[in-house]
Amino acid sequence: MQRAYTPGSCQWLFAAQEWLISADHLYQSTRRLVAIRGSYSQAKNDLAIKQCGSAVFTILLKNEGDYLEDFTLSIKNDYSKIKAVLSEKSVRVERQGNREVYVSVNVLEGARKSNTKFVFMSTCMVYNRAFDETGITEKHPTKPASPYSACKLSGEELVISYYHAYNLPTVVLRPFNTYGPFQKSSGEGGVVSIFIKKDLAGEYLNIYGDGAQTRDLLYVEDCAKFVIAAGESNKCNGLILNAGSGRDININDLAYLICKDKSRIKNIPHIHPQSEIAKLLCNNKKAMDILGWAPEVSLEEGIAKTREFIGIAQR
């Protein structure tokens, strides 16, 4: 059986052997989707494919541009013969919600026709805040506080409906705040990468609001292993699974952990206070029990690895 993956908020896609990768948009990636027209020889020039371990690849897409009506990349055992299957037409969809739903249905139909397992990358941002130190389980109340998280919830319902209606093997993944190498470090990038970049430049680290909000930060390698484990296992079909470190940290403390200089940490007015989630703390028990997965990289180690990557990238 092949596996299909949707990117959503996760900036890394992974494939191995007969797995199928589908891509629409990488929100947090340093590169974004560009409409590709023409032959594979042209398409391959728009893809940066980097091997990172046994039978695992990171797919990075260049530039921001038109969105494809259908885009799939199939990786076989012979990695030298990568084939990109592209639709003849590309389509620009201006509204995020329409694009998310459109692409999800498109790829779900392809997965159903080819009997391909569908792995949907959702987000922890669909949840209401954590109420205590036991953390957020998959049964925790949802509370979409932004159109982005609402789109993710609608995508989840579509995926689950295909499991029940067509017996299509699917799984919905809700990773908590993923960070690490290749994460965008400006604009709407991840807080860890943004803080590290500013620290290396000797700049102020700006925190929206009072900085008491907490986040459960999951290193990208742990997230990748979680995604692959869910794709390989049939035990999680039809389920929703969380992944996080199981430890949260408030943003003030995170900033100090990164720069060690309180004089360069500033709290500024929040630009979207209505969308802020006060406490995000993951309960991993379900994923650990079903997949045998557990995070391995501590926050301190992950920050050090990310700092090394950003430092090299800036040279």
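**A working chat about Arg174, two sheets and some loops**

Trainee: What joins the side chains of Arg174 and Tyr127?
Mentor: A polar contact of 2.9 Å joins those two side chains, and please keep in mind from the start that this is a predicted model.

Trainee: Okay, and where is Arg174 found?
Mentor: Arg174 is part of strand 10, which covers residues 170-175.

Trainee: Is Arg174 buried or exposed?
Mentor: Arg174 is buried, because its relative accessible area is 3%, and the cut-off for that label is under 20%.

Trainee: How many residues of strand 10 are buried?
Mentor: The count is 6 of the 6, so strand 10 is largely enclosed by the rest of the structure. Thr170, Val172 and Arg174 point one way from the strand, whereas Val171, Leu173 and Pro175 point the other way, and all are buried.

Trainee: Which strands does strand 10 pair with, then?
Mentor: Strand 9 pairs with strand 10 in the parallel sense over 4 bridges, and strand 14, residues 239-243, also runs parallel to strand 10, with 5 bridges joining the two. On the strand 9 side, Val171 is the bridge partner of Val119, and Leu173 is the bridge partner of Met121. Turning to strand 14, Leu173 stands opposite Leu241.

Trainee: What about strand 9 itself, how many of its residues are buried?
Mentor: Strand 9, residues 117-121, is mostly covered, with 5 of its 5 residues buried. Lys117, Val119 and Met121 point one way from this strand, while Phe118 and Phe120 point the other way, and the lysine is buried along with the others.

Trainee: And which helix goes with strands 9 and 10 in a β-α-β unit?
Mentor: That is helix 3, residues 147-166, and the unit that strand 9, helix 3 and strand 10 make is right-handed.

Trainee: Let me change topic to the sheet with strand 13. What is the order of its strands?
Mentor: The order is 11-13-15 in an open sheet of 3 strands with mixed pairing. Its edge strands are strand 11 (177-179) and strand 15 (248-250), each of which pairs on one side only, and the twist averages 50 degrees from one strand to the next.

Trainee: How do strands 13 and 15 pair, parallel or antiparallel?
Mentor: Strand 13, residues 214-219, pairs with strand 15 in the antiparallel sense over 3 bridges, and within this pair Asp216 stands opposite Asp248 in strand 15.

Trainee: What lies across those two strands?
Mentor: Helix 6, residues 251-259, lies across strand 13 and strand 15, and it runs at about 85 degrees to strand 15.

Trainee: Which residue sits in the loop after helix 6, before strand 16, with a positive phi?
Mentor: Lys260 lies in that loop, and its phi is near 60 degrees although the residue is not a glycine. Lys260 counts as exposed because its relative accessible area is 52%. As background, most residues other than glycine have a negative phi.

Trainee: What is the phi of Asn115, and where is that residue?
Mentor: Asn115 also has a positive phi, of about 55 degrees, and it is found in the loop between helix 2 (96-114) and strand 9. Its relative accessibility is 46%, so Asn115 counts as partly exposed.

Trainee: There's another asparagine, Asn284. Is that one buried or exposed?
Mentor: Asn284 counts as buried because its relative accessibility is 7%, and it is found in the loop between strand 16 (265-268) and helix 7 (285-291).

Trainee: What does Asn284 touch?
Mentor: Leaving out residues up to four places away in sequence, Asn284 touches Asn242, Ala243, Gly244, Ser245, Gly246, Trp293 and Pro295. A polar atom of the Asn284 side chain lies 2.5 Å from the backbone oxygen of Gly244. The C-alpha atoms of Asn284 and Gly246 are separated by 6.6 Å, with the two residues 38 apart along the chain.

Trainee: Last topic: what is the mean pLDDT of the protein?
Mentor: The mean is 75, and 67% of the residues reach 70 or more, but over residues 7-97 the pLDDT is below 50, even though this stretch has 225 contacts in the model beyond near neighbours in sequence. Where pLDDT is low, the predicted coordinates should not be read in detail.

Trainee: And for the whole protein, how many helices and strands are there?
Mentor: There are 8 helices and 16 strands, and 51% of the 315 residues count as buried. Among contacts with a separation of 6 or more, 75% come from residues 24 or more positions apart.

Note on methods. Residues are numbered from 1 along each chain as its sequence is written. This is a predicted model: local features need pLDDT of at least 70, side-chain atom pairs count only at pLDDT 80 or more; totals for chains, interfaces and linings use all residues. Side-chain values use heavy atoms; hydrogens and water are left out. Two strands pair if DSSP finds at least two bridges between them. Axes are lines fitted to C-alpha atoms, for helices over the stretch in contact, and angles run from 0 to 180 degrees between N-to-C directions. Contact means heavy atoms within 4.5 Å. pLDDT is the predictor's confidence in each residue, from 0 to 100. Buried means under 20% relative accessible area, exposed over 50%, partly exposed in between (1.4 Å probe, protein chains only). A crossover is right-handed if, with the strands pointing away from the viewer, the path from the first strand over the helix to the second runs clockwise. A polar contact is a pair of N or O atoms within 3.5 Å; within protein, one must be able to donate a hydrogen and the other to accept it, and residues adjacent in sequence count only if both atoms are side-chain atoms.
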